[in-house]
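Colleague: I'm new to this one, so please walk me through it step by step.

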Amino acid sequence: MKFAITTLGCKVNQYESQLIREALKAGGYDEQDFSLPGADLYIINTCTVTHRSDAEDRRLMRKALAFSSRIIVTGCQAAVYPGEIRGLSERIETVPFDQLESVLGVPFPKSITDFADHSRAFVNIQQGCDNRCTFCIVPSARGTPRSRPLEEIIHEISRLFDSGFREIVLTGINIGLYDGGIPALMRKILERTPMPRVRISSIEPWTLTSELISMAVNEPRICRHLHLPLQSGSDEILSRMGRPYQAGYYRDLVSEIRSSSRDIAIGSDIMVGFPGESEEQFRETFSLLEDLDIAYLHVFPFSPRPGTPAASYPGQVDARIVKDRASRLRNLSKDKRRSFIRSQIGKPEEVLVTHSSGNSFKGITSNYITVEAQGKAEVNDRVKIVFEESCEGYARGRTLG
Ligand code: SF4
């Protein structure tokens with residue numbers, strides 16, 4: 001029996017696809033490429049955070065429908081909008097992730113041992129969110145916060161180390177809600193596993209503590225990288241988004257991090273075109289971001305999600321204006337990335353090799369800079385380099401020693 005799986009969206013989805021993959025393989029299935037015919041089972045693990053993700057989900061469903069095989073759709077779109085999916089074809093089964101084990105008839109492992117096509121493995125530590133930001137459909141798909149048991153996390157990280165992984169990324173829906181706090185979890189991971197690098201994925205700014213900042217700055221095995229979604233620099237928009245902080249809080253947070261380290265990478269998510277966002281409010285966001293000493297931005301146009309309060313808010317912003325605002329912020333992000341990389345020129349750093357070819361390699365630093373350098377190295381090696389040159393979106397490095 002053969003299966004094929006494709007995954008859209010966030011790191012949590014990618015983690016769950018890996019669980020599905022390992023369960024099916026242990027149950028006697030072989031995996032094949034999703035784009036090819038011939039599999040007995042096609043699985044689409046969907047995302048629904050924007051209308052674009054929904055469209056991409058549907059494109060992949062149509063692709064699978066062209067093959068006369070069993071099709072299972074799981075993930076967030078299947079959890080929130082199953083009727084729309086079934087409307088596409090009666091041949092599609094929509095199965096929430098937590099029912100997949102019984103539908104597939106294979107036991108799901110408690111932890112993963114590999115991470116297909118990735119040189120860094122994601123480790124899911126938490127599910128769900130109860131903040132109810134007014135634009136976000138995720139709590140409807142993922143439920144209320146639940147933390148994964150510590151022993152499962154430790155066991156998984158140790159197994160991933162044994163499989164050759166040298167960096168893991170802690171992921172979840174709102175990881176700052178982890179029971180007992182991320183710093184306590186981090187200390188256990190550092191004490192009880194040999195994993196040389198632990199990265200924290202996106203963490204909501206109101207859940208970031210001074211203790212965690214200090215660990216990210218001072219503990220060499222924790223990556224010097226914090227991704228803190230801001231969403232908007234306008235207090236009025238933040239309030240209508242249901243975000244429990246103001247722009248000044250975010251500014252102070254970035255200053256606190258920056259005053260502890262010049263080298264830590266700070267990233268942010270920004271949403272443009274939230275209903276009612278005026279040019280003046282967009283400028284507030286732009287000028288806050290111009291001032292902040294951060295390394296990059298991920299920019300998302302607002303996408304009305306049926307079932308969320310913001311989908312029916314008045315003042316939906318014209319698509320051309322949204323596009324223009326997104327493009328201005330993406331250009332700002334390029335400038336930020338360039339100047340962050342420039343600030344590192346001449347400094348030594350360790351690169352975790354993610355791609356190797358002949359006499360050159362590519363990898364990622366603790367502070368989230370992609371580096372290309374000359375020299376022989378294998379994937380997962382950790383190589384000392386010095387930053388030499390800032391290129392478009394990445395750095396060139398010289399291998400040391
Ligand atoms: S904090 Fe807000 S944006 Fe993040 S998952 Fe919860 S509701 Fe969604």
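**Domains, sheet and ligand**

Colleague: How many residues of domain 2 are in contact with domain 4?

Modeller: Contact here means C-beta atoms, placed from the backbone, within 7 Å. Domain 2 (111-223) and domain 4 (348-399) have bounds from an automatic or database domain assignment. Domain 4 contributes 6 residues to the contact, and domain 2 contributes 8 residues.

Colleague: What kind of model is this, and how are residues numbered?

Modeller: This is a predicted model, where local features need pLDDT of at least 70, side-chain atom pairs count only at pLDDT 80 or more, and totals for chains, interfaces and linings use all residues. Residues are numbered along each chain as its sequence is written, from 1.

Colleague: Which strands stand at the edges of the open sheet?

Modeller: Strands are DSSP runs of E, at least two residues, numbered from the N terminus, and two strands pair if DSSP finds at least two bridges between them. The 5 strands pair in parallel, in the order 2-1-3-4-5. Each edge strand has a single partner, so one side of each is left without a neighbour in the sheet: these are strand 2 (30-31) and strand 5 (92-94).

Colleague: Which residue stands opposite Ile71?

Modeller: Strand 4 (residues 70-75) runs parallel to strand 5, joined by 3 bridges. Opposite Ile71, in strand 5, stands Ile92.

Colleague: How many charged residues are in the shell around the ligand?

Modeller: The ligand's surroundings include Cys129, Arg132 and Glu204, where near means a C-beta atom, placed from the backbone, within 6 Å. Asp, Glu, Lys and Arg count as charged. Beside 6 nonpolar and 2 polar residues, the shell has charged residues numbering 2.

Definitions and conventions
Contact = placed C-beta atoms within 7 Å. Helix = DSSP H or I, 4+ residues; strand = E, 2+ residues; numbered from the N terminus.
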